[in-house]
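Biologist: I'd like to learn how to read the inside of a model like this one. Can we go through it together, feature by feature?

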Amino acid sequence: MNDIVKFVPLFLMLFGCASKQSIEEQRTWLAGDHHIHSEYSVGWEETEPPKPIIGGDAAYSITRNAEMARTFGLAWMVATDHGGPNHSKINLEMAYPEMLAAREAVPEVMLFAGLELNTPGADHSSIIVPHTEDEAENLYQYESQFDKRDPWPVDESREDESLMLNALEYVDEWEEKAVVIAHHPSRSASGLGEYGLTGPAELRRWNDTAPEVAVGMEGAPGHQAAEFTTNEKKGLYPAWVFARGAYGRGYPTLGGFDQMTAIVGGFWDSMLSEGRRWWITANSDSHLHYTEGGIDFWPGEYSKTYVLARRNHADVIDGIRNGRVFVTTGDLVSELFVPVKAGLKEAGIGGELVVDTDETVTVEIRFKEPSTPNASGDKPDVGRVDLIVGEVSGRHEDPATDRSPGTRVVKRFLTWTSESDLQVMSFPLKVTRPVYLRVRGTNNAKELEPASDEVGEDPWQDLWFYSNPVFIDVRS
């Protein structure tokens, strides 16, 4: 008996490790889109109260969106309709039943209930609601209580950031927490660092209030297909719409990405330098496809958010919450791994590795290029991969900070080796203090930093991928 007892801890250790390894092995890169509109993003008749016009702002059914998501290789998507007066009832009574029907019709795509919130004191944001029995009621309560445009008559007091902080606190109390992501954060910016409706201090307050709920922002906004809209339809839109992302009223996107993400040492790096788990995503913001006069791609046609997760709703949300995410445009890559190794220890995208002072770690970068053409009929090649490193130095005194001067590109890879179907490169990094690292890549090796996007450029010729960070802490 004593011998059996003696071996129980060893058995449990080995069994536990095997079980954990088995769980991790079940996780694969699942592509998705968390910002998609259906016909229940309505227009409004000027009546008292305003009468909704189904299909007034976006054209397609949720089922149609899911079918196109499946066509373009998505494993998950979120229905994120937005609206105005009493739209919470439209979501509950009309959109949600349609989403249930879409789940039956397109079972290959995991559908989440969600919403593009008209955010108090800010631009838009999405909520991804956990797939539970009370998902519809949870979404209804969130929209009816906190969407700044939901009340009728108009309640001007809702245009207050404090209400958004209340909303985050409210969601933070749910038994299964949702995640909230800021949409097109710099679309209303008037210049570089001249932010509009959504600014750095505001996003920091969101994250401070509910760090497991307010977890990030769109790195690459939707609305990137305006270049392909037919000429006869262009007169229906103001000129600013035809910039990538519809960013034409202020500062443009850079390689299709928001300035808050694209600038090395900019806002995103300032958040990461504080040790914040603040992640980026990409999406379509699909309302109307460019072939029908809109400015949008279908879900997954151009932009994808990949989450390392098992094929169930809960693990997809867990992956987003914990940063197991990379994003790509134009199907430049379909898998991306950034294992950081020190001896037998290892951490990947979204994770943290703890090392001794002055320890040298090995950063590996592994990516897979799709074997089939993208939706444009091209098979783009990765031309360069950048390894970006920044120090984690603690909270900034000024919450409006949008700079991290110490963040830099430490290595630009132009060559790599092939291992099976992955392209592989590595870099030794000596760690003397806490740092984070992240990776990006492009099809244009000569463009060292993403250039400002000009109206009329072809987005299929300007492709990028970005990983979320890996953190490295140092034992004290």
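Modeller: Let's begin with empty space: the largest cavity here has a volume of about 80 Å³. A quick word on the source: this is a predicted model, where local features need pLDDT of at least 70 and side-chain atom pairs count only at pLDDT 80 or more, while totals for chains, interfaces and linings use all residues. Residues are numbered from 1 along each chain as its sequence is written, and side-chain values use heavy atoms, with hydrogens and water left out.

Biologist: How should I read a cavity, and how many of 30 Å³ or more does the structure hold?

Modeller: Rolling a probe the size of a water molecule over the atoms shows where empty space is left. On a 1 Å grid over the protein atoms alone, a cavity is a set of points where a 1.4 Å probe fits but cannot get out; a pocket is an open set with protein on both sides within 12 Å along at least five of seven lines; lining residues have an atom within 4 Å of a point. Points are joined across faces, edges and corners, and a volume is the space filled by probe spheres set on them. By that recipe, the structure holds four cavities of 30 Å³ or more.

Biologist: Which residues line the largest cavity?

Modeller: I62, A79, T80, D81, N91, A95, Y96, M99, A113, G114 and L139. Helix α3 (87-105) and strand β5 (110-118) each supply at least two residues of that lining, and α3 gives the largest share, four residues. Helices (H or I, at least four residues) and strands (E, at least two) are DSSP runs, numbered from the N terminus. The lining divides into seven nonpolar, three polar and one charged, where Ala, Val, Leu, Ile, Met, Phe, Trp, Tyr, Cys and Pro count as nonpolar, Asp, Glu, Lys and Arg as charged, and the others, Gly among them, as polar.

Biologist: Take N91 from that lining: is N91 buried or exposed?

Modeller: N91, found in helix α3, is buried, with a relative accessible area of 6%. Buried means under 20% relative accessible area, exposed over 50%, and partly exposed in between (1.4 Å probe, protein chains only). Setting aside neighbours within four places in sequence, N91 is in contact with D81, Y96, G114, L115 and E143; contact means heavy atoms within 4.5 Å. N91 and T80 are eleven residues apart in sequence, with 9.5 Å between their C-alpha atoms.

Biologist: What about the second largest cavity and the second largest pocket?

Modeller: The second largest cavity has a volume of about 50 Å³, and its lining divides into four nonpolar, six polar and no charged residues. The second largest pocket has a volume of about 500 Å³. Of the 23 residues lining that pocket, D57, H82, R187, H223 and H287 lie nearest its centre. H223 is also one of the residues lining the second largest cavity.

Biologist: On to charges: how many salt bridges does a search of the whole structure find?

Modeller: Side chains of opposite charge can pair when their charged atoms come close. The cut-off is a side-chain nitrogen of Lys or Arg within 4 Å of a carboxyl oxygen of Asp or Glu, and the search finds 34 salt bridges. In one of them, R204 pairs with E274, the closest N and O atoms being 2.9 Å apart. R204 lies in helix α6 (residues 200-209) and E274 in the loop between α9 (267-272) and β9 (279-282), so the pair ties together parts that are 70 residues apart in sequence. Both partners are buried.

Biologist: Why is α6 described as largely enclosed by the rest of the structure?

Modeller: Because seven of the ten residues of α6 are buried. Among them are L203, R204 and W206. The buried residues of α6 pack against β6 (124-128), α5 (161-172), β7 (179-182), β8 (214-220), α8 (259-262) and α9.

Biologist: And which salt bridges share partners?

Modeller: R324 and D318 meet at 2.8 Å, N to O. R324 counts as buried at 11% relative accessibility, whereas D318 is partly exposed at 26%. Salt bridges that share partners join R27, R310, D315, D318 and R324 into one network.

Biologist: Last one: in the largest nonpolar core, which residues touch the most other members?

Modeller: In soluble globular proteins, nonpolar side chains tend to be buried together. A nonpolar core is a set of buried Ala, Val, Leu, Ile, Met, Phe, Trp, Tyr and Cys residues joined through side-chain atoms within 4.5 Å. Of the 119 residues in the largest one, W76, I127, Y142, V361 and L437 touch the most other members. A second, separate core of five residues includes V241, F242, A246 and I295.
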